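Biologist: Before we discuss this model, I would like each label that you use to be set against its cut-off, and each conclusion drawn openly.

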Amino acid sequence: MIVTALLLAMQAPLKAQESSYSDLQAIYIYNFAKYTSWPQEFNTFTIAVYDDAAMHKVISQKLVDKTIKGKPIEVKLIYSVTKEDFFHLIYLNRHHSKSLAEVIQNCQQQNTLIVTENDQIKKGAMISFVVIGNKLRFKVNQEALEDKDLIASQGLLSLAMN
């Protein structure tokens, strides 16, 4: 069952402050990771934040004592992605949507969940934040998830927009 925080976050109107938006995104990102299954075991769950120091700080603070599948979470600030890199989840904000194709290409052989803003689903993002009215929502590209052997829980999929 999806955590109550995710349900509440979906219904919570966005505040005028950017930090509230980032806080909600951090909660969502945690739940995206928590309710997605990866094909391989891991000792540490790695979240990469692409060239966004403010969001890196928010996610790091919000997830400091959290775990994914009982394993610690490491949040890294990155400025590029190579084919040799491996991250369980990469977050790109709206300012880096131009980098999405390169990130997807360099993660082609990886089981990496790519999360974006501004509805980048048609451009290959697996999960993308969308603001409808004053509410933060998300879309899921289930086909892209399946291509990477990632399985989102039915609860998570049921909360996504069509």
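Biologist: What share of the contacts in the protein chain with a separation of 6 or more comes from residues 24 or more positions apart?

Modeller: The model is a predicted one, and in its protein chain residues 24 or more positions apart account for 63% of the contacts with a separation of 6 or more. A contact here requires heavy atoms within 4.5 Å.

Biologist: Which secondary-structure elements does the protein chain contain, and how many of each?

Modeller: The protein chain has 6 helices and 9 strands. An open sheet takes in 7 strands with mixed pairing, in the order 3-4-2-5-6-7-8.

Biologist: What makes strand 3 and strand 8 the edge strands?

Modeller: Each of them pairs on one side only. Pairing itself needs at least two bridges between two strands, and strand 6 and strand 7, which run parallel, are joined by 2 bridges, so that this pair satisfies the cut-off of at least two. One of the residues concerned is Val115, whose bridge partner in strand 7 is Ile127. Helix 3 (residues 53-62) packs on the sheet, where it touches strand 2, strand 4 and strand 5, and its direction makes about 170° with that of strand 4.

Biologist: Why is the pair Glu117 and Arg94 called a salt bridge?

Modeller: The distance from N to O between the two side chains is 3.3 Å, and because the definition asks for a Lys or Arg nitrogen within 4 Å of a carboxyl oxygen of Asp or Glu, the pair qualifies. Glu117 lies in the loop between strand 6 and strand 7 and Arg94 in the loop between strand 5 and helix 4, so the salt bridge ties together parts that are 23 residues apart in sequence.

Biologist: Are Glu117 and Arg94 buried or exposed, and how do you know?

Modeller: Glu117 has a relative accessibility of 3%, and because buried means under 20%, Glu117 counts as buried. Arg94, at 33%, is partly exposed, because this value falls between the limits of 20% and 50%.

Biologist: How many salt bridges does a search of the whole structure find, and what distance separates N and O in the pair Lys139 and Asp119?

Modeller: The search finds 2 salt bridges, and in the one between the side chains of Lys139 and Asp119 the N to O distance is 2.8 Å. This pair links distant parts of the chain, 20 residues apart, with Lys139 in strand 8 and Asp119 in the loop between strand 6 and strand 7. Asp119 is partly exposed, with a relative accessible area of 31%.

Biologist: What makes Thr112 a buried residue, and which residues is Thr112 in contact with?

Modeller: The relative accessible area of Thr112 is 1%, and because the cut-off for buried is under 20%, the label follows. Leaving aside neighbours within four places in sequence, the contacts of Thr112 include Phe86, Phe87, Leu89, Met126 and Leu150. A polar atom of the Thr112 side chain lies 2.8 Å from the backbone oxygen of Phe87.

Biologist: What is noted about the phi values of Asp51 and Lys69?

Modeller: Phi is near 50° in Asp51 and near 55° in Lys69, a positive value in a residue other than glycine in each case. Most residues other than glycine have a negative phi. Asp51 lies in the loop between strand 2 and helix 3, and Lys69 in the loop between strand 3 and strand 4.

How values were computed. Residues numbered from 1 in each chain as written. Predicted model: local features only at pLDDT ≥ 70, side-chain atom pairs only at ≥ 80, totals over all residues. Heavy atoms only, no water. Helix = DSSP H or I, 4+ residues; strand = E, 2+ residues; numbered from the N terminus. Buried < 20%, exposed > 50% of the residue type's maximum accessible area, 1.4 Å probe, protein only. Axes fitted to C-alpha atoms, helices over the stretch in contact; angles between N-to-C directions. Polar contact = N/O pair within 3.5 Å; in protein donor to acceptor, adjacent residues only side chain to side chain.
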